[in-house]
2 protein chains.
Amino acid sequence: MSKPISLAIIGATGGVGSAFLAALPSIVLPPSTPRPQLIFLSRSKKQLYNKDYSPVSPEDLASSSSPLLSLPDLAKYLSTSPNPTVLVDNTSDQSVAEAYPLFLKSNISIITPNKKAFSSPLPLWNAIFSAVTRTALVYHESSVGAGLPIISTLNDLVRTGDQVTRIEGVFSGTMSFLFNTFAPASESASSPGKWSEIVGKAKAAGYTEPDPRDDLNGMDVARKCVILARCAGLKVESTSSFPIQSLIPSALESASSADEFMQKLPNHDDEMESYKTEAKKQGKVVRYVGKVDVENNKVSVGLEMVDQGSPIAGLKGSDNLICFYTKRYGSNPLVVQGAGAGNEVTAMGVLADLVKVIERLG
Amino acid sequence: MSKPISLAIIGATGGVGSAFLAALPSIVLPPSTPRPQLIFLSRSKKQLYNKDYSPVSPEDLASSSSPLLSLPDLAKYLSTSPNPTVLVDNTSDQSVAEAYPLFLKSNISIITPNKKAFSSPLPLWNAIFSAVTRTALVYHESSVGAGLPIISTLNDLVRTGDQVTRIEGVFSGTMSFLFNTFAPASESASSPGKWSEIVGKAKAAGYTEPDPRDDLNGMDVARKCVILARCAGLKVESTSSFPIQSLIPSALESASSADEFMQKLPNHDDEMESYKTEAKKQGKVVRYVGKVDVENNKVSVGLEMVDQGSPIAGLKGSDNLICFYTKRYGSNPLVVQGAGAGNEVTAMGVLADLVKVIERLG
């Protein structure tokens with residue numbers, strides 16, 4: 001019987017955090033492996049922990065009166081835990097991401113869906129991965145495509161000596177939904193509607209951020225491309241290092257609110273319609289695509305005309321699709337497809353990482 | 001610095017074995033992890049090892065005069081190796097598979113693409129997995145879909161507490177090629193040709209086994225379904241426990257040779273043509289599909305009519321495609337697609353397993 005892993009959870013009560021805690025009791029561990037123990041939980045302005053590292057219960061977090069620890073104090077507290085310790089960061093907080101090197105140097109492993117750490121300027125990436133040791137690990141499957149096996153597959157390709165030449169696909173569930181609806185690969189009897197109507201419907205259904213410009217600016221896709229490019233070995237400085245095509249009409253960038261933006265968006269439907277028409281002339285459809293050209297050290301994010309018969313054109317709903325082109329796989333890529341957003345599938349990626357970390361440290 | 005892993009390779013000079021040894025020096029290991037050391041190599045009727053467990057070189061295998069060890073003697077020899085030891089079985093040999101429980105009980109981990117161990121009658125599966133410990137591990141990614149992340153994805157789904165309801169797809173590169181050619185989803189100007197002609201072309205190109213009946217009997221797909229079903233939790237007794245549709249016309253089962261079979265196959269083209277015509281009437285195409293209905297405890301292997309717009313219908317070349325339907329993923333499956341056969345991609349799956357085992361044991 002080995003030692004139990006101690007878990008510290010930041011963002012314990014958010015969407016992903018709640019799904020993580022709900023599913024934690026169901027994880028299946030190897031024989032003779034003790035269950036992980038929660039020793040620290042936090043949400044905004046509340047923390048729960050015991051000085052002697054004894055386990056805590058999520059239901060006590062709301063009423064906790066534990067004094068708040070700063071991130072450096074938390075690293076110090078966890079560094080003297082008697083058991084191997086893992087910090088699960090279920091936030092999308094930049095300041096937590098920036099503290100990862102400190103945690104790693106304190107021999108604390110990191111598991112997170114937080115894209116910030118891996119897509120911020122290159123020095124943070126370098127600081128994180130140069131602090132990794134055999135007992136201070138970093139796993140971040142859900143930073144791209146939620147629970148889909150994207151990062152693990154890319155790491156397997158790289159670590160077994162394959163040469164990844166190109167990665168491309170649809171990395172945003174919101175963009176996927178918008179374009180699958182706006183320009184379906186197979187024509188149906190009824191018209192899909194104008195671009196602004198589709199954005200409006202997506203917003204109403206909760207498929208976009210509260211301000212749809214936070215999706216349409218392409219930054220989410222750009223961040224995921226930075227992560228994939230770096231995992232494939234490219235030294236991408238930041239999201240400012242390559243072209244990102246924003247779908248926010250320049251006249252609407254300064255709209256003072258999401259409502260004003262949505263109200264004026266119909267004035268710009270012609271532009272998106274012309275992309276669609278142009279694609280159709282070529283027997284293609286328009287999609288919002290992220291591309292990492294590893295061989296030529298180029299990253300790009302924006303609209304592409306793709307063949308109607310291609311896997312990207314055939315996507316349904318808000319599914320993601322990632323194609324890995326490699327030397328070993330030749331002309332046909334290795335493809336992973338499925339839901340790339342949602343609390344449960346994001347938490348699944350975090351839990352899968354946790355099982356692997358327990359297998360390595362427990 | 002930890003101890004190096006000792007590697008024993010059975011089937012060192014076959015197609016997968018050669019690709020494995022060629023790529024072994026390129027694997028990327030975590031910081032401060034020593035490279036694995038080859039301490040035992042075998043091919044048919046030759047073995048190479050030193051009594052003191054010192055490393056051996058593949059180029060010395062052909063001229064080796066090491067006395068041949070039986071499988072029990074090999075287990076005994078490896079059990080006293082001073083370092084954590086991994087047996088890589090790159091054969092498809094039933095007798096090696098049957099010895100896995102013995103190796104595991106001797107604290108030797110197993111990595112293999114060999115389907116036999118996991119698709120033979122259930123007692124062998126139970127004997128293998130009940131012998132797994134924290135230091136005697138079993139990894140078999142390449143037993144289904146070669147290097148595609150199939151087994152690891154299924155294990156992640158199960159181990160994070162998702163409920164896999166259904167697994168279906170095209171699990172044979174040969175069957176994929178035959179049907180993608182015979183009944184393409186999008187009609188081209190030229191006729192694809194008769195079934196027997198396509199089987200003949202595939203045989204000539206080396207896409208089938210030397211005797212195409214070894215593909216057309218469906219057993220390869222059935223074995224993969226048994227493995228997936230068991231990983232998903234079903235207690236499937238053997239490949240005899242469910243219907244397997246053979247594509248060998250019953251009149252040709254007793255043909256005395258592959259040549260005689262190929263010569264007489266054109267007499268049976270009408271039957272395959274009628275499947276194709278029937279599918280077309282329904283706006284579908286015919287494909288050879290494996291299905292594991294986890295919810296209803298049912299496995300089946302055979303011809304299916306699939307929608308022309310479905311991912312299975314759209315497969316190219318000899319690609320595999322596996323759809324995982326789960327509670328978390330809802331109506332749209334998690335899909336993995338790509339080359340599911342070939343020495344290099346099979347060896348890649350074995351090497352990816354090796355990296356994981358070294359991370360756990362090294």
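These exercises concern a predicted model.

**Exercise 1. Overall form of chain A**

Task: Decide whether the radius of gyration of chain A agrees with that of a compact globule.

Solution:
- Step 1. Start with the chain length: chain A has 362 residues, and a compact globule with that many would have a radius of gyration near 21 Å.
- Step 2. Compare this with the value for chain A, which is 22 Å, so the two agree.
- Step 3. Add the extents: the C-alpha trace of chain A spans about 70 × 50 × 35 Å along its principal axes.
- Step 4. Add the secondary structure: 14 helices and 11 strands are found in chain A.

**Exercise 2. Burial, contacts and charge in chain A**

Task: State what share of chain A is buried, and describe its contacts, its surface and its charged side chains.

Solution:
- Step 1. Of the 362 residues in chain A, 58% are buried.
- Step 2. Take the contacts in chain A with a separation of 6 or more; 66% of them join residues 24 or more positions apart.
- Step 3. The accessible surface of chain A is about 14400 Å², and carbon and sulfur atoms account for 50% of that area.
- Step 4. Count the charges: there are 34 positive and 35 negative side chains in chain A, and the centres of these two sets lie 5 Å apart.

**Exercise 3. The annotated stretch with Thr13(A)**

Task: Locate Thr13(A) and Gly15(A), and classify each as buried, partly exposed or exposed.

Solution:
- Step 1. An unreviewed UniProt entry gives the annotation "binding site" to several residues, including Thr13(A) and Gly15(A).
- Step 2. Thr13(A) lies in the loop between β1 (6-10) and α1 (15-23) of chain A, whereas Gly15(A) is in helix α1 of that chain.
- Step 3. Recall the cut-offs: buried is under 20% relative accessible area and exposed is over 50%, with partly exposed in between.
- Step 4. Thr13(A) has 43% relative accessibility and therefore counts as partly exposed. Gly15(A), at 39%, is also classed as partly exposed.
- Step 5. Beyond its neighbours within four places in sequence, Thr13(A) is in contact with Ser18(A), Arg43(A) and Leu61(A).

**Exercise 4. Thr91(A) and Lys115(A)**

Task: Explain why Thr91(A) and Lys115(A) can be said to gather at one spot.

Solution:
- Step 1. The UniProt annotation "binding site", from an unreviewed entry, covers Thr91(A) and Lys115(A).
- Step 2. They span 25 residues in sequence, but their C-alpha atoms are not more than 9.5 Å apart, so they gather at one spot.
- Step 3. Place Thr91(A) in the chain: the loop between β4 (85-89) and α3 (94-98) of chain A holds this residue.
- Step 4. The relative accessible area of Thr91(A) is 18%, so this residue is buried.
- Step 5. Leaving out residues up to four places away in sequence, Thr91(A) touches Ile10(A), Gly11(A), Val96(A) and Asn114(A).

**Exercise 5. Two helices of chain B**

Task: Describe the surroundings of Ala222(B), then name elements that cover the buried residues of α1(B).

Solution:
- Step 1. Ala222(B) sits in helix α11 (residues 219-231) of chain B.
- Step 2. With a relative accessible area of 0%, Ala222(B) is buried.
- Step 3. Not counting residues up to four places away in sequence, Ala222(B) touches Thr239(B), Phe242(B), Ile244(B) and Val301(B).
- Step 4. Ser240(B) is 18 residues from Ala222(B) along the chain, and their C-alpha atoms are separated by 9.1 Å.
- Step 5. Turn to helix α1 (residues 15-23) of chain B: among its buried residues are Val16(B), Phe20(B) and Leu21(B).
- Step 6. The cover over the buried residues of α1(B) includes β1 (6-10), β2 (37-43), β4 (85-89) and α14 (343-361) of chain B.

Terms used:
Residues are numbered from 1 along each chain as its sequence is written. Chains are lettered from A and ligands numbered from 1 in the order in which they are written. This is a predicted model: local features need pLDDT of at least 70, side-chain atom pairs count only at pLDDT 80 or more; totals for chains, interfaces and linings use all residues. Side-chain values use heavy atoms; hydrogens and water are left out. Helices (H or I, at least four residues) and strands (E, at least two) are DSSP runs, numbered from the N terminus. The radius of gyration is taken over C-alpha atoms; the globule rule is 2.2 Å times the number of residues to the power 0.38. Buried means under 20% relative accessible area, exposed over 50%, partly exposed in between (1.4 Å probe, protein chains only). Contact means heavy atoms within 4.5 Å. Accessible areas come from the Shrake-Rupley method with a 1.4 Å probe; for residues, only the protein chains shown count as cover. Lys and Arg count as positive and Asp and Glu as negative; His and the chain ends are not counted. The place of a charge is taken as NZ of Lys, CZ of Arg, CG of Asp or CD of Glu. UniProt positions are given in the numbering used here, feature names are shortened, and annotations may be inferred rather than shown by experiment.
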